[in-house]
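Colleague: I am new to this structure and would like to learn how to read it. Could you take me through it one feature after another?

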Amino acid sequence: MTALVLIEVENGRVRQASRSAIAAASHFGDVDVLLLGEAPAEAASRLSGIRRALHAPSLKHALAEQAAALLAGLAGSYSHILSAASSTGKNILPRLAGLLDVQPISDVVAIKDESTFVRPIYAGNALATVQSSDSVKIMTIRSSSFDPVSEDGNEAAIETLETPADDGKSRFVKLEQSQSDRPELEVARVVISGGKGLKDASNFHTLLEPVADRLGAAIGASRAAVDSGFAPNEMQVGQTGKVVAPELYIATGLSGAIQHLAGMKDSRVIVAINIDPEAPIFKVADYGMVGDLFEILPALAKAL
Amino acid sequence: MKVLVPVKRVVDYNIKPRVAADGSGVETQGVKMSMNPFDEIALEEALRLREKGQADEVVAVTIGPQVAQDVLRTAMAMGADRAILIQTDAEVEPRAVSSLLKAVVEKEQPGLVSMGKQAIDDDMNATGQMLAARLGWPQGTFASRVEIADGRVEVAREVDGGTETVSLSLPAVITADLRLNEPRYASLPNIMKARKKPLETIEAGSLGVDLTPHLKIVSVAEPPERKAGIIVETVEELVQKLKTEAKVI
């Protein structure tokens, strides 16, 4: 058995979520990685535990149409094809599955054996153990469930791939990136998140940032906060946003709807700060504090 | 242009699902069911395209048992012109759903398929991409803005680092993200009118698609429960607990 992992590079380094997917793939024997675009293939070749790094430099924007066609051409050599459950992985891998008439397996959190996997359903309210009968297993990996491989492995061979012809049906127009100096939400050791209780966008800066600065934390948001324009959507934690499992998750001014809990309830320690003692977030919190976050957060920043 | 909108009947999003005692799945008997929230958004977008004169017909389709008609009536009450039920009592996975939808697309010849990015029951996020692959059409997934001009559709997509915009030739498949729009409510007169709109039923078996699941559910279990926490009174106490008891800061 040999696995192929579609990986992503950000700022010259392989994303931690991709390194978690490689860790998952190592359950299935040898691991090759596939890197799309102009990112340096050397970054991928140094990953621990990989056999080969395949590089398709001409696929600059990882458009699903071309990427899935490329993967379909490689699929015959692999028993398992994986990626992180990132927006890129979720866009490309099911398309590949459609080309190969395979049922993909989304958001795997545990591997029982080569064809049996565990994945959350119903916003994480149930865990399904599923068994695939497909000859090639196509799956995305929930990164918070697998420890990432290190970046100090031996230099693996790099092989450059030709890209299938582009039919022009899909064209990249632009990418509007949001800038942040903070740790990436999905890999941060500490996350502090805000909900509608923060009342406006400026409070995300004035109330959450001082605490986040002290703790080296990433800042997250509930859907209600994102919908109200308090925070950009890539900060959203939950069923339809990002899934995080940090050491410490501090939830402030958010009630804890099941869709939000789906994105953070595997955090090791959860702290809830909320004015409503009946808020569901207190049911999952290890430490709760009932009170006004406009008083508590500045005091917390001072006390840290 | 015709827009096809696949919709799914799922356990209502406000209901906390309960795992069946025998571990075979999640209780759906006697539980309130409704249209998957992402599908409402996909339908709303199709209706807006029709209102802008960019689409002339909106057709809703669902796959499931006879009772799944109710989500089609809801779709028509929101404004879909007609509906198709692909009837089957089998559990169908995205692989089979995308094959059945391909058969519907070939029959109906829509210029655009607008669907939700994922269903809130199986949380797969796969059917739209698989359908696009089977049709050889381009895909615009996780759409937060859709604009049609000159035979192409421009789609702003919600991606991890921000927003990506792609331009797709039509016909295409788009999958709706939460921020695409705010779906309308069906008014009482429109609910009445929807009863008279045409609803066609097609036996899934007549479409020549193998419905056998490739992904078998072995068991379904409750996730591990967290142990009850404590309420602290002061910030100092909280910080002290995090330092000495939880050892996280």
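Colleague: How many residue pairs are in polar contact between chain B and chain A?

Modeller: In this predicted model, the count between chain B and chain A is 49 residue pairs in polar contact, with both residues at pLDDT 80 or more.

Colleague: Which elements of chain B supply the side that touches chain A?

Modeller: Several elements of chain B give two or more residues to that side. The helices are H3 (94–108), H4 (127–135) and H6 (235–245) of chain B. The strands are S7 (139–149), S8 (152–159), S9 (162–169), S12 (215–221) and S13 (230–231) of chain B. S9(B) gives the most, with eight residues.

Colleague: What classes of residue make up the side of chain B that touches chain A?

Modeller: That side of chain B has 39 nonpolar, 17 polar and 22 charged residues.

Colleague: How many residues of each chain are in contact, and what area do the two chains bury?

Modeller: The general idea is to read a contact count and a buried area together. Here 78 residues of chain B are in contact with 82 residues of chain A. Chain B and chain A bury about 6,700 Å² between them, and carbon and sulfur atoms carry 53% of it.

Colleague: How many salt bridges does the rule find across the interface of chain B and chain A?

Modeller: The distance to look at is that from a side-chain nitrogen of Lys or Arg to a carboxyl oxygen of Asp or Glu, which must be within 4 Å. By this rule there are five salt bridges across the interface of chain B and chain A. Arg179(B) forms a salt bridge with Asp227(A), where the closest N and O atoms are 3.1 Å apart.

Colleague: Which strand of chain A is joined to S9(B), and do the two run parallel or antiparallel?

Modeller: Strand S13 (residues 170–177) of chain A is joined to S9(B) by seven bridges, and the two strands run antiparallel. To follow the pairing by eye, start from Ser170(A), whose bridge partner in S9(B) is Leu168(B).

Colleague: Next, chain A by itself. What are the bounds of its domains?

Modeller: The domain assignment of chain A gives domain 1 (2–160) and domain 2 (185–303). The C-alpha centres of these two domains of chain A lie 30 Å apart. Seven residues of domain 1 of chain A are in contact with eight residues of domain 2 of chain A. The area buried between the two domains of chain A is about 800 Å², with 48% of it from carbon and sulfur atoms. On the side of domain 1 of chain A, Ala123(A), Arg142(A) and Ser144(A) lose the most area to domain 2, together 52% of what that side buries.

Colleague: How many salt bridges are counted between domain 1 of chain A and domain 2 of chain A?

Modeller: The count between these domains of chain A is one salt bridge. The side chains of Arg15(A) and Glu186(A) meet in a salt bridge, at 3.5 Å from N to O. The side of domain 1 of chain A that touches domain 2 of chain A has one nonpolar, four polar and two charged residues.

Colleague: What backbone details should I look for in chain B?

Modeller: Check omega and phi. The peptide bond from Leu170(B) to Pro171(B) is cis, with omega near 5°. Pro171(B) lies in the loop between S9 and strand S10 (172–176) of chain B. Asn125(B) has phi near 60°, a positive value in a residue other than glycine. Asn125(B) sits in the loop between strand S6 (112–116) and H4 of chain B.

Colleague: Where is Val92(B), and which residues is Val92(B) in contact with?

Modeller: Val92(B) is in the loop between strand S5 (82–87) and H3 of chain B. Leaving aside neighbours within four places in sequence, Val92(B) is in contact with Ile63(B), Val97(B) and Leu211(B). Val92(B) and Ile63(B) are 29 residues apart in sequence, and 8.3 Å apart in space from C-alpha to C-alpha.

Conventions:
Residues numbered from 1 in each chain as written. Chains lettered and ligands numbered in written order. Predicted model: local features only at pLDDT ≥ 70, side-chain atom pairs only at ≥ 80, totals over all residues. Heavy atoms only, no water. Domains from an automatic or database assignment. Contact = heavy atoms within 4.5 Å. Buried area = accessible area lost by both parts, 1.4 Å probe. Nonpolar A, V, L, I, M, F, W, Y, C, P; charged D, E, K, R; others polar. Polar contact = N/O pair within 3.5 Å; in protein donor to acceptor, adjacent residues only side chain to side chain. Helix = DSSP H or I, 4+ residues; strand = E, 2+ residues; numbered from the N terminus. Pairing = 2+ DSSP bridges.
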